[in-house]
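Hello,

Here is the structure for you to look over. My notes on it follow below.

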Amino acid sequence: MAQGTGALVLIGTGPKVESVVAGGFHLTDTPFTAQRLAELAKMDGGIVVDEAAGTIVAANVHFMPDPRIDTDETGTRFRTAERLAKQTGAEVLAVSEEG
């Protein structure tokens, strides 16, 4: 089975973001670059980037938005992204490629 690539990236920090993030690992002073994002996206978990998109804050995290938030999306990644955006007010990028 070929594995597709994709990512779930939340752009923001603060208490609302922290309330939906579990596990993974937190990074300190890790500048955002396209190469770093691509490497971190190879893991199953989500990625958190600060509001200025200058620093990667956390990687390989499990996002846990409120499942009661309505969404019209069909895929798991996109349903999670929409709920995260609604719950936190942050920008969320969901990228999927089927392989």
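**Met43 and its surroundings**

Met43 counts as partly exposed, because its relative accessibility is 28%, and the band for that class runs between 20% and 50%. Please keep in mind that this is a predicted model.

Met43 sits in the loop between helix H2 (34-40) and strand S4 (46-49). Leaving out residues up to four places away in sequence, Met43 touches Phe25, Ala59 and Asn60. Leu10 is 33 residues from Met43 in sequence. In space the two are 15 Å apart, C-alpha to C-alpha.

**The nonpolar cores**

Which residues have the most contacts inside the largest nonpolar core? They are Leu10, Val21, Val48, Phe63 and Leu84. That core has 13 residues. Strand S1 (6-11), strand S5 (55-63) and H3 are the elements that give two or more residues to this core. S5 gives the most, with three residues.

Another core lies apart from this one. It has eight residues, among them Ala7, Val9, Ile47 and Ala59. Ala59 came up above as a contact of Met43.

Back to Val21, one of the residues with the most contacts inside the largest core. Val21 touches Val48, Val61, His62 and Phe63, not counting residues up to four places away in sequence. Val48 and Phe63 are also on the list of residues with the most contacts in that core.

**Helix H3**

H3 covers residues 76-88. The helix has 13 residues and reaches 18 Å from its first C-alpha to its last. That is close to the 18 Å expected at 1.5 Å a residue.

Which residues of H3 are buried? Thr80, Ala81, Arg83, Leu84 and Thr88 are. They pack against S1, helix H1 (15-18), S5 and strand S6 (91-96). An α-helix has 3.6 residues a turn, so residues three or four places apart point the same way. Leu84 has a further role in these notes, as one of the residues with the most contacts inside the largest core.

Thr80 deserves its own entry. Is Thr80 buried or exposed? Thr80 is buried, because its relative accessible area is 18%, and the cut-off is under 20%. Setting aside neighbours within four places in sequence, Thr80 is in contact with Leu8, Phe63 and Pro65. Phe63 is thus a contact of Thr80 and a contact of Val21.

After H3 comes Gly89. The phi of Gly89 is positive, near 80°.

Best wishes

Note on methods: Residues are numbered from 1 along each chain as its sequence is written. This is a predicted model: local features need pLDDT of at least 70, side-chain atom pairs count only at pLDDT 80 or more; totals for chains, interfaces and linings use all residues. Side-chain values use heavy atoms; hydrogens and water are left out. Helices (H or I, at least four residues) and strands (E, at least two) are DSSP runs, numbered from the N terminus. Buried means under 20% relative accessible area, exposed over 50%, partly exposed in between (1.4 Å probe, protein chains only). Contact means heavy atoms within 4.5 Å. A nonpolar core is a set of buried Ala, Val, Leu, Ile, Met, Phe, Trp, Tyr and Cys residues joined through side-chain atoms within 4.5 Å. The expected span of a helix is 1.5 Å times one less than its number of residues.
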